[in-house]
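Thanks for coming. I will take a few minutes on one protein, starting with a term and ending with two single residues.

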Amino acid sequence: MVVAHVSGPGQWLGAEMRDSDAWKVPLTAEHRREVLDAVQASDAIAPGAFPLPTLGPVLRRVRDELADGRGFVLVQGVPVEQLSERQCEIAALGLGSHVGEIATQGPGSAPLTHVRDTGADASRPKTRSYQHSGRLRRHLLRLWLTGVLTPPERR
């Protein structure tokens, strides 16, 4: 196993993050309104088709923090309680399109996957980790960024 020394803003300890709000990005009322308006206006997921006039620049700073900063952020206040499941999907992909390029994943090459315990048998080789609540085996994710949008009933 190769162990590399991490330096710069990516070098942090959990206790430092626990005691800090610097990694949290709370959305303003205006940001939340923009998200709702963009979801209502679009089924598309490209930044140009998901306009966020004041939130877009914030999400570009999020992208910079992910790439060149501590490597993670928590965006708080996405108005999921006002959205249907399909609208939450559009919001997740629309917000994500302002942070980076949307890539497909999984067997169906979907740009978005729901993480739900479907009761799938974790011991079966073709069962995906997002289909059960069992312990995850060690695995490698070949990705640069992932996001989670949690509806209120899942919190």
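A term before the details: a residue is called buried when its relative accessible area is under 20%, exposed when that is over 50%, and partly exposed in between. Asp121 comes out at 41% relative accessibility, so it counts as partly exposed. Please keep in mind that this is a predicted model.

Now the overall picture. The protein has 4 helices and 2 strands. Reading from the N terminus, their order is α-β-α-α-β-α. The chain has 155 residues, and 24% of them count as buried. The protein exposes about 10900 Å², with 52% of that coming from carbon and sulfur atoms. If you take the contacts between residues at least 6 apart in sequence, 59% join residues at least 24 apart.

Next, helix 3. It covers residues 55-68, which is 14 residues, and at 1.5 Å a residue it should span 20 Å. The C-alpha atoms at its ends are 20 Å apart, so the expected span and the model agree.

Which residues of helix 3 are buried? They are Leu55, Gly56, Val58, Leu59, Val62 and Leu66. Viewed down the axis of helix 3, these buried residues fall within an arc of 155°, so they line one face of the helix. The general background is that an α-helix has 3.6 residues a turn, so residues three or four places apart point the same way.

What covers that buried side? The cover includes strand 1 (24-26) and helix 2 (29-41), along with strand 2 (74-76) and helix 4 (85-99). On the face of helix 3 turned away from the buried side sit the exposed residues Arg61 and Asp68.

Moving along the chain, Arg70 is in the loop between helix 3 and strand 2. Is Arg70 buried or exposed? Its relative accessibility is 17%, so Arg70 counts as buried. Setting aside neighbours within four places in sequence, Arg70 is in contact with Pro9, Gly10, Trp12, Met17, Ala22, Trp23 and Glu65.

Last, back to Asp121, which lies in the segment after helix 4. Its side chain makes a polar contact with the side chain of Ser123, at 2.7 Å. Asp121 and Ser133 are 12 residues apart in sequence, and their C-alpha atoms are 9.8 Å apart in space.

To recap the two single residues: Arg70, in a loop, counts as buried, while Asp121 counts as partly exposed. That is the end of my part.

Technical notes: Residues are numbered from 1 along each chain as its sequence is written. This is a predicted model: local features need pLDDT of at least 70, side-chain atom pairs count only at pLDDT 80 or more; totals for chains, interfaces and linings use all residues. Side-chain values use heavy atoms; hydrogens and water are left out. The expected span of a helix is 1.5 Å times one less than its number of residues. Buried means under 20% relative accessible area, exposed over 50%, partly exposed in between (1.4 Å probe, protein chains only). The arc is that of the directions from the helix axis to the C-beta atoms. Contact means heavy atoms within 4.5 Å. Accessible areas come from the Shrake-Rupley method with a 1.4 Å probe; for residues, only the protein chains shown count as cover. A polar contact is a pair of N or O atoms within 3.5 Å; within protein, one must be able to donate a hydrogen and the other to accept it, and residues adjacent in sequence count only if both atoms are side-chain atoms.
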